[in-house]
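Student: I would like to go through this model one piece at a time. Where should we begin?

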Amino acid sequence: MRMSRRTVLASGTAFATAPLYVRPAFAATTDIIVIGAGAAGIGAARALRAKGLSVQVIEASGRIGGRVFSATTTFGVPYDVGAHWLHYAEDNPFVSYGKDNGFDLYAAPEDQVLYVGNREATDDEYDAFYDSLSAANRAMLKAGRKGKDIAAAEVIPDTGDWNMSTSFYTGAYEMAKDPADFSCADWYSSEDGTDWYCREGFGALFAHSARDVSVTLNTQAKTIRWGGTGVQVRPTPAP
Ligand SMILES: Cc1cc2nc3c(=O)[nH]c(=O)nc-3n(C[C@H](O)[C@H](O)[C@H](O)COP(=O)(O)OP(=O)(O)OC[C@H]3O[C@@H](n4cnc5c(N)ncnc54)[C@H](O)[C@@H]3O)c2cc1C
């Protein structure tokens, strides 16, 4: 089978190549190589496998999960460094998977605590922060509802002292992006519903769910060659 760029399945950093000449062991037996064992790569591998293809995932780091990772040593309890909310629990497959596999899942608490320096905010500060946040949400809602594909930073109003906190909350904290880097239209179309937590960590849950996928760790794809009759992925350590 010849490979063209159009047949490459691209998703995040994950993409598939076939036929594949990585290491002799893979070349003889593998239809598809997926690069990266993050959520996209594992999802791609599973979907390809369901089509009857043999799949091998190669992962540069020493673990599965990419940005879904639970650290266990930092605080002595599982701590999700990246993804931590199981969004839209009503229809999130990780919720049913977790329940079926003995993980402790629960609705993320609604109440949050605001700190100013090393003390809890006063009532006035809470009010000022929520006013600022509401103003930002209203502005993004107004633009998003009209389908405006413009950066949130363009509509979030200047609320003075609370600007940076509002930017952090609406951006890095909720969207993993600064308000300059996500669109009101995308924000508006993101799912609503309930967010859940996993006590053992979303990363632990994700890694558990990927146990059945064949992943070679500590193997970084260095070059992908498109010429000739196939595609070559050259990893380190070299074959
Ligand atoms: C701080 C933070 C909080 C977040 N919170 C949430 C949340 O609460 N809920 C939620 O659903 N989402 C959340 N997200 C988003 C979510 O984590 C990501 O959308 C998702 O994990 C991305 O998956 P991915 O597979 O596309 O990429 P990644 O997770 O980045 O995976 C890419 C993988 O490819 C590997 N790789 C890269 N290059 C190579 C190479 N050349 N060769 C081999 N391997 C390679 C990397 O090592 C990595 O493991 C958050 C993200 C961040 C950063």
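Tutor: Begin with a cut-off: a residue is buried if 20 or more other C-beta atoms lie within 10 Å of its own, and exposed if 12 or fewer do. Keep in mind that this is a predicted model.

Student: Is C184 buried or exposed?
Tutor: C184 is found in helix α6, residues 184–189. The cut-off for a buried residue is 20 or more other C-beta atoms within 10 Å. C184 has 26 C-beta neighbours inside that distance, so C184 counts as buried.

Student: Which residues is C184 in contact with, leaving aside its neighbours within four places in sequence?
Tutor: Distance along the chain is a poor guide here, as A151 shows: A151 and C184 are 33 residues apart in sequence but 6.0 Å apart in space, C-alpha to C-alpha. With the neighbours within four places set aside, the contacts of C184 are M140, A143, G144, K148, I150, A152 and V155.

Student: How many residues does the largest nonpolar core have?
Tutor: Of the 239 residues of the protein chain, 29% count as buried. In soluble globular proteins, nonpolar side chains tend to be buried together. Inside the largest nonpolar core, V34, V57, L86 and F202 have the most contacts, and the core has 32 residues.

Student: Which elements each supply at least two residues of this core?
Tutor: The chain has seven helices and 13 strands to choose from. Those that each supply at least two residues of the core are β3 (32–35), α2 (39–50), β4 (55–58), α3, β10 and α7.

Student: Which residues does V57 touch, not counting those up to four places away in sequence?
Tutor: V57 is one of the residues with the most contacts inside the largest core. Not counting residues up to four places away, V57 touches V34, A37, G41, A45, V213, S214 and V215.

Student: Why are the buried residues of α3 on the same side of the helix?
Tutor: The buried residues of α3 (residues 93–100) are F94, V95 and G98. An α-helix has 3.6 residues a turn, so residues three or four places apart point the same way. The buried residues of α3 are on the same side because they cover an arc of only 105 degrees around the axis.

Student: What do the buried residues of α3 pack against?
Tutor: The face turned away from the buried side carries the exposed residues P93, S96 and D100. On the buried side, the packing is against β7 (105–107), β10 (196–198) and α7 (202–209).

Student: Which residues form the covered face of β13?
Tutor: In a regular strand the side chains alternate between the two faces of the sheet. In β13 (residues 232–236), the uncovered face has Q232, R234 and T236, and the covered face has V233 and P235.

Student: What is the bridge partner of I224 in β13?
Tutor: β12 and β13 run antiparallel and are joined by five bridges. In β13, the partner of I224 is V233.

Student: What is the phi of Y88?
Tutor: Y88 lies in the loop between β6 (79–80) and α3. Y88 is partly exposed, with 15 other C-beta atoms within 10 Å. Although Y88 is not a glycine, its phi is positive, about 45 degrees.

Student: Where is N218 placed?
Tutor: N218 is a residue other than glycine with a positive phi, near 55 degrees. N218 is partly exposed, with 13 other C-beta atoms within 10 Å. Its place is in the loop between β11 (215–216) and β12 (220–225).

Terms used
Residues are numbered from 1 along each chain as its sequence is written. This is a predicted model: local features need pLDDT of at least 70, side-chain atom pairs count only at pLDDT 80 or more; totals for chains, interfaces and linings use all residues. Helices (H or I, at least four residues) and strands (E, at least two) are DSSP runs, numbered from the N terminus. The arc is that of the directions from the helix axis to the C-beta atoms. Two residues are in contact if their C-beta atoms, placed from the backbone, lie within 7 Å. A nonpolar core is a set of buried Ala, Val, Leu, Ile, Met, Phe, Trp, Tyr and Cys residues joined through C-beta atoms within 7 Å. Two strands pair if DSSP finds at least two bridges between them.
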